[in-house]
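Work through the following exercises with the sequence and the structure at hand. Try each task before reading its solution.

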Amino acid sequence: MTEDTIKQLSEMTDDAEFERLAMAILREANPEYASLLHTGVNSAGKTVKSPVDGISFAIGAQPPHMLAVHHTTCARKDLEGKWLHDPATVKPHKGGKPKAPPGDVLKAAKLYEDERARLGTLRGTLILTTNQEPSEELVRDTHATGRKFGLSVDIWSASRLAHVLDNTPTGQWIRAKYLRIDQERLSKELLAKLSRDSLDAHRPSNDIAAWVPRSLDGLLGAADNQDVVFVIAESGLGKSVACYKYLDRHIASGGFGLILPHHLLASTLTVDQAVEAALEQLHPALAPGSGNTALSFCSGDRPFIVVVEDINKSGQAQYLAEKLTQWAAANSTATKETGQGTTNNNWRLICPVWPQVVASLKDEARKRVQGSAIVGAAFTPPEGREAVQRRAKSRGIYLSDMEADSISNALGHDPLLIALQEPGRQPDSTKVIEDFIDGSASRLAGEKGEFTAGDYRASLRLLAAEALHHRELNPKWQSVIAWLAQQGDALTMLRHLVHHGEVIRITGAGVEERLTFRHDRVRDTLFADALGGMIKDDTISPLLLSEPYFSEVLGAALLIDGVPVPFIDQVATQNPLALFHALRIFREPAAPIHDAIIAAINQWLAEPATHGQENGGLRWAALAALSETESSKAIGIVRQFKDRAWTAWQALFRNGDVTGGLNLCLDVEPGTGAVWRDRQIEHAKSRFGSNLRKAIGELLRRPDLGRPARVGALRLAGFLADPQLAEPIEASWANDAQKDDNLADYLWAAGRCCGNESERFLTPVCDAWAALSDEKSKYLGSPREQLAAHNIRWAFIKDIPISAIGFFIKRAAKDDLRWPITYMLHGIDHPDAVEFVVREIAERERPIEGKGLILHFGMTASDEWRRRQEDRGKPMSRESRERLLSLWQNGLNDKFVRQKAFSFWTVTRGTEDLEILRAVKPDDLLADSALWGRLVRKDHTAIPALLDKLNGEERAQWWHLGEQIWSDELAKAFDEELTRRGKVTPKEWGATYPSDYTLA
């Protein structure tokens, strides 16, 4: 490629364009030039410009001062071989060869001499660029002339320019910009462009102006300490949009990332291979290894973000979800082997996934997915209201809060339905998608005046039928053309629909153009319509009917008016999973075909072959569908399964059977994060309320209750947090012969349900706790310390036992549980708990002051709150911070309480912190701590105080804050510190200085 580059350089005829190209190359090739070759304000605070055309120079700020002069020239000849320069400046050389214009060299030398007279330490370099290859004599003469004036000469000829352009990533970027030669090596500039191209290629089709800020956005942003994040939400709840917005913000802030098509995820073995394949789709000329190069540009603090395109549409969602968890596990293992301790990866994967996909995974894979998942839900009422109002505003319609609330509520606060609902129409959640498709077809028919709305619907039905027949959910546009070549006007109508862009559109370019549906739920509605037509016409193929992947769409098609009831027998034989999806949709039987579907399900479950090993995957998928079903028939159907999967428990609990809830709670302890469990419990609390409480209460009162059921009931009672369960918990305690083995679960249940009688219900549990052994093991604490140090503490952090806090603090007055309770309450975001922990640490630190001892817990306890804000985006509550503020501002408290309260307060950051910290007086015992807090919050008004500290005896520790708030004043102080070091430190190996580590 070098010869082509040189050729294009030599043919450049625009002096200004060549100068810009040369300047870009010089900046790329030499970092020193990058700071000197400019005409703006230089590092010395001023610009020196030459009156000579083509020459400018800048003076470096530090001795020995460098004068950089650049002159760019296109040493071109015309067709007759004459130089296109002013004859006055280009003089013939010996032998008739041209030489560099001595006039310009002399003028540059004169400017250099003038500046050197002012700055005696000045050194100078003259940079000459040319699109030709100067002769040896010309180069020697030019260097000799420069040396005469003490000026170094650096000549950049065409071949040297071409070397940078051809062999460096950024050089190739410059080459592509100026010479239009495809870039092969990945540069940061090209990666930034491809990141934006990827976003543009996968831009959602809905109105971006109607997007609203969501709590899901915050959850996604707070999960930035995980290598792989699964965003679990039902179809249409905005998970893909949230991921897109997250990636968009990351790229807009200077980061790199892309959207990875699911077929590339399936066909690659590693993250860098997947990234490389996606980049090659966007820029086919890239050289091998671009994936590794892209990741090398990133770091743990600024990772490469990969949003995986909706794997739910891939046909292999379970496999791909497991693959992502394996990548994360492999990285975690590699991290541990390198001894880093924590993951600091330079990539991060985000994958939207449906709950039913997670439900269909095997237990181990499901737990891995849920361990790195955040859960999306429908809009909150305020989010739904704002979304409705923004949509209406885009159509020139004003809606009051009350009107918007009513519409959002009628649509179930569903993001997709709100996006598709026509503003101004009465909302009906069961018909929104159909109405949207019909409305779009009607608008298009009115605009074109060529075909009717019915014609357009018929063409969409034909398209859906062909896509189903060929098993392609997002077919290539060329394939669609081939399918419909003999279908008259259908292809013309589809082209109209594609350009209209509301229901279907084209993504990609050239031969990679693909037809994409507005949303998978829009696509599935069209598929169900097409299948319904095939069923009624008796034209559905056996292969299509038996395809498990289309079972959900087939289930919807069975409910279309006119489908013959006898057809259910064929479905039961060839695709029984479709029957379960049909039940999920209609819920309660209200038509003959509904009864036929329920009867067919029962018949299928009555067959012994159904429960054989060969049908394990089918049963698992059926239970996953039931776990999303609310129906009076669901419990009876679930009980016919012999599988004891968690989806079975979820289906039972969803429909009011407490057995399901007990088993869900037995699966994981209360302190273990399990979004699926918490989601089910919240649903059951709102759906069954008093009936659920009554059932749990009756169970706990039973004297013959087995241990598993008792533990499950106690845990579920704790999640319900209902004071009416306190007496049943007390009765269980009295009847339980194994109460000592269940202490943690009693502590959880009683702590959450004690109400206003905490002393009555918690005293016996805490007395039994205090009776445990206090003898420490070799590696762990004593049984008494361990009881609530982990799981129960984590459970109380997540679900605060508000009514029990006061009792626990009072009980800690006795030495037997003082330390265990202190540690248990550590991290609970309640003002009383936070104050108690602060005072207990202060109490333990008083007697060891001045003895050279350290209370490790006192040093690390506040880190819990810092990590919670930095890693999870959950700062300490305003109420707890205000309690801490009152403690450290109160001069009547001793220094131990004030210092510890301040350390807890300052690790969390709020918007009003600087005003509070600036008010701390210089003579206050917390003055240094307040100054430190101001500096880490980048308060530039604190720099003068920092400079004073840097001249003091403890300056080594204060230099730690330099990188937080760097400034010109600190740059000067830094030089002074180095000078100070040079004076007192011997110039020999091994010599050290107190601030060496920080300064380095």
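**Exercise 1. What covers the buried residues of helix 35?**

Step 1. Some conventions come beforehand. The model is predicted, so local features need pLDDT of at least 70 and side-chain atom pairs count only at pLDDT 80 or more, while totals for chains, interfaces and linings use all residues. Residues are numbered from 1 along each chain as its sequence is written, and side-chain values use heavy atoms, with hydrogens and water left out.

Step 2. Find the element. Helices (H or I, at least four residues) and strands (E, at least two) are DSSP runs, numbered from the N terminus. Helix 35 holds the 14 residues 707–720.

Step 3. Check its span. The expected span of a helix is 1.5 Å times one less than its number of residues. For helix 35 this gives 20 Å, and its end C-alpha atoms are 20 Å apart, which agrees.

Step 4. Look at burial. A residue is buried under 20% relative accessible area, exposed over 50% and partly exposed in between (1.4 Å probe, protein chains only). In helix 35, 11 of the 14 residues are buried, including R710, V711, L714 and F719.

Step 5. List the cover, where contact means heavy atoms within 4.5 Å. The buried residues of helix 35 are covered by elements that include helix 32 (646–654), helix 33 (658–667), helix 34 (675–701), helix 36 (726–735), helix 37 (743–753) and helix 40 (791–798).

Step 6. Look past the end. A721 follows helix 35 and has a positive phi, near 50°.

**Exercise 2. Which residues does N791 touch, not counting residues up to four places away in sequence?**

Step 1. Place the residue. N791 lies in helix 40 and is buried, with a relative accessible area of 12%.

Step 2. Read off the neighbours. N791 touches E669, P670, G671 and T672, with residues up to four places away in sequence left out.

Step 3. Examine the polar contact (a pair of N or O atoms within 3.5 Å; within protein, one must be able to donate a hydrogen and the other to accept it, and residues adjacent in sequence count only if both atoms are side-chain atoms). The side chain of N791 reaches the backbone nitrogen of G671 at 2.8 Å.

**Exercise 3. Which residues form one aromatic cluster with F719?**

Step 1. Apply the rule. Rings of Phe, Tyr and Trp (its six-membered ring) pair if their centres lie within 6.5 Å; planes under 30 degrees apart count as stacked, over 60 as edge-to-face and the rest as tilted. The count by this rule is 22 aromatic pairs.

Step 2. Take one pair as practice. F527 and F550 are edge-to-face, at 6.4 Å centre to centre with 85° between the planes. F527 sits in helix 24 (residues 520–537) and F550 in the loop between helix 25 (542–545) and helix 26 (551–557), 23 residues apart. F527 is buried at 1% relative accessibility, and F550 is buried at 5%.

Step 3. Turn to F719. The ring centres of F719 and W748 are 5.2 Å apart and their planes stand at 70°, so this pair is edge-to-face. F719 lies in helix 35 and W748 in helix 37, so the pair ties together parts that are 29 residues apart in sequence. F719 and W748 are both buried.

Step 4. Name the cluster. F719, W748, F796, F807 and F808 belong to one aromatic cluster.

**Exercise 4. What is the strand order of the open sheet of 5 strands?**

Step 1. Know the rule: two strands pair if DSSP finds at least two bridges between them.

Step 2. Trace the pairs. Strand 7 and strand 8 (residues 304–308) are parallel, with 4 bridges, and L260 has V308 as its bridge partner in strand 8. Strand 6 (residues 228–232) runs parallel to strand 10 and is joined to that strand by 3 bridges; I232 stands opposite V375 in strand 10.

Step 3. Write the order: 7-8-9-6-10, with parallel pairing. The edge strands, each pairing on one side only, are strand 7 (257–260) and strand 10 (373–375).

Step 4. Inspect strand 7. In a regular strand the side chains alternate between the two faces of the sheet. In strand 7, G257 and I259 on one side and L258 and L260 on the other are all buried, and both faces are covered.
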